[in-house]
Amino acid sequence: MTARGAVFRVRRGLGAVARELGTEVDLLRSRNGSADLALFHQFAPPPTGGGHQFLRALLGELERRGLAVELNRISHGTNVCLFNSFNFDFRRLRRFARSDVRFVHRVDGPIATYRGFDDGTDERIAEVNRSLADSTIVQSRYSLEAHRTLGIELTDPRLVVNAVDPSIFHPPGEREPLAGRRLRVITTSWSDNPNKGSDVVSWLDAHLDHARYELTFVGRTDGTLRDVRALGALSTEAVAAELRRSDVYLAPSRNDPCSNALLEALACGLPAVFRASGGHPELVGEAGLPFDEPEEVPTALDRLAAELDERRAAIRVQALADVVDRYLEVLRG
């Protein structure tokens, strides 16, 4: 073992000890506390992907209703816990778990199908679901059936789609007329996972008629884009402004259970050209057109451009307040 490797192992071990000590200290402190809901999830600083975005919107709506939510702890007076997928400290959750607490597991994925490789995450999710969950929230029929295909039977599954914060993601007051300009197509992604659809964006960069269509990409990419308007990672509010500036959303990801990026675009009034994969068809319905291969996208865009008003009128998104109502129903049992 190299000296650097030895130092890394020592630091990792010390970090694990510190986390365990922190858990025990918080467990003692929680004996006199109380909240309406405990949420186990490790938030990342923005800009971030869909799971973080949805849970921030969920927390905001709960707080607007006057409900107290505690993060990554379960106080003595707290009797309901929502834990998110695998994005939390499993050992800490088990240490706080009590028999008088109702546990609801929010599950997306399957993760291996979405990422394109299996590192054991789905089995960890399945194990904690079996051992702790009283009920499970899945975000699409696709996600539920894909888990069953893998032999994973989730505990008491309930379908509740995601929603977005309507104070941020909403249609513009008025739209710029299409006459005399290119149709504005936008796509967003916070991950460089190839399943996010980089193959489609790259193909369109090389083959799309850029005299007719302006394609904007917001987010992270490893590739170099020549004719695509690439903006990099933006704040949530700036993403919403770009969506309202646009006409059509491109959803190129594979095996995405419930794309928050797609929901954000629909909430801003954008019909979608979407890969016929994952939960996309459930979210879009008649408010867009599907494709399977990148070569099919220009034809879908041509048709959508001709049917823009009709497809926009077909947009249906769940209101955040209604989704939170449904979450509270499941949490209360």
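Ala 38 of strand E1 has Glu 70 as its bridge partner in strand E2, and this pairing belongs to a predicted model. E1 (residues 37–40) and E2 (residues 69–71) pair in the parallel sense over three bridges, at one end of an open sheet of six strands whose order is E2-E1-E3-E4-E5-E6. A second open sheet, also of six strands, has the order E9-E8-E7-E10-E11-E12, and the pairing is parallel in the one as in the other.

**The sheet with strands E1 to E6**

- The edge strands of this sheet are E2 and E6, each of which pairs on one side only, and neighbouring strands are turned by 25 degrees against each other on average when direction is ignored.
- From E1, Leu 37 and Leu 39 point one way while Ala 38 and Phe 40 point the other way, and all of them are buried; in a regular strand the side chains alternate between the two faces of the sheet.
- E1 is also joined by three bridges to strand E3 (residues 80–84), the two running parallel, and here Phe 40 has Phe 83 as its bridge partner.
- E3 in turn is joined to E4 by five bridges, again in parallel, with Cys 81 matched to Phe 103 in E4.
- Strand E4 (residues 102–107) pairs with E5 in the parallel sense over four bridges, and His 105 stands opposite Thr 136 in E5.
- Thr 136 also has a bridge partner in E6, namely Pro 157, where three bridges join E5 to strand E6 (residues 157–159) in parallel.
- Both faces of E5 (residues 135–138) are covered, since Ser 135 and Ile 137 on one side and Thr 136 and Val 138 on the other are all buried.

**Helices packed on that sheet**

- Helix H6 (residues 141–149) lies across E4, E5 and E6, and runs at about 155 degrees to E6.
- Helix H13 (residues 320–332) packs on the sheet as well, touching E1, E3, E4, E5 and E6, and its direction makes about 135 degrees with that of E4.

**The sheet with strands E7 to E12**

- The edge strands here are E9 (229–232) and E12 (288–291), each pairing on one side only, and neighbouring strands are turned by 20 degrees against each other on average, direction ignored.
- Four bridges join E11 to E12, which run parallel, and Arg 275 has Phe 291 in E12 as its bridge partner.
- Ser 189 is placed in strand E7 (residues 183–189) and counts as buried, because its relative accessible area is 8%, which falls under the 20% limit for that term.
- Beyond residues up to four places away in sequence, Ser 189 touches Lys 196, Phe 217, Val 218, Gly 219 and Arg 220.

**His 210 and its surroundings**

- His 210 is found in the loop between helix H7 (198–207) and strand E8 (213–219), and with 16% relative accessibility His 210 counts as buried.
- A polar atom of the His 210 side chain lies 3.0 Å from the backbone oxygen of Asp 205.
- With neighbours within four places in sequence left aside, His 210 is in contact with Arg 182, Leu 204, Asp 205 and Asp 227.

**Nonpolar cores**

- The largest nonpolar core has 26 residues, and those with the most contacts inside it are Phe 169, Leu 243, Tyr 249, Leu 262 and Leu 270.
- Two or more residues of this core come from each of helix H8 (236–245), strand E10 (248–251), helix H9 (260–267), strand E11 (272–275) and helix H10 (280–284), and H9 gives the largest share, six residues.
- Tyr 249 is in contact, neighbours within four places in sequence aside, with residues including Ile 186, Leu 243, Leu 262, Leu 270 and Val 273.
- Apart from this core lies another, of 24 residues, among them Ile 125, Leu 132, Ala 133 and Leu 154.

**The two sides of helix H11**

- In H11 (residues 297–306), Val 297, Pro 298, Ala 300, Leu 301 and Leu 304 are buried, and they lie on the same side of the helix because they cover an arc of only 160 degrees around the axis.
- On the other side of H11, Thr 299 and Ala 306 are exposed.

Technical notes:
Residues are numbered from 1 along each chain as its sequence is written. This is a predicted model: local features need pLDDT of at least 70, side-chain atom pairs count only at pLDDT 80 or more; totals for chains, interfaces and linings use all residues. Side-chain values use heavy atoms; hydrogens and water are left out. Buried means under 20% relative accessible area, exposed over 50%, partly exposed in between (1.4 Å probe, protein chains only). The arc is that of the directions from the helix axis to the C-beta atoms. A polar contact is a pair of N or O atoms within 3.5 Å; within protein, one must be able to donate a hydrogen and the other to accept it, and residues adjacent in sequence count only if both atoms are side-chain atoms. Contact means heavy atoms within 4.5 Å. Two strands pair if DSSP finds at least two bridges between them. A nonpolar core is a set of buried Ala, Val, Leu, Ile, Met, Phe, Trp, Tyr and Cys residues joined through side-chain atoms within 4.5 Å. Axes are lines fitted to C-alpha atoms, for helices over the stretch in contact, and angles run from 0 to 180 degrees between N-to-C directions.
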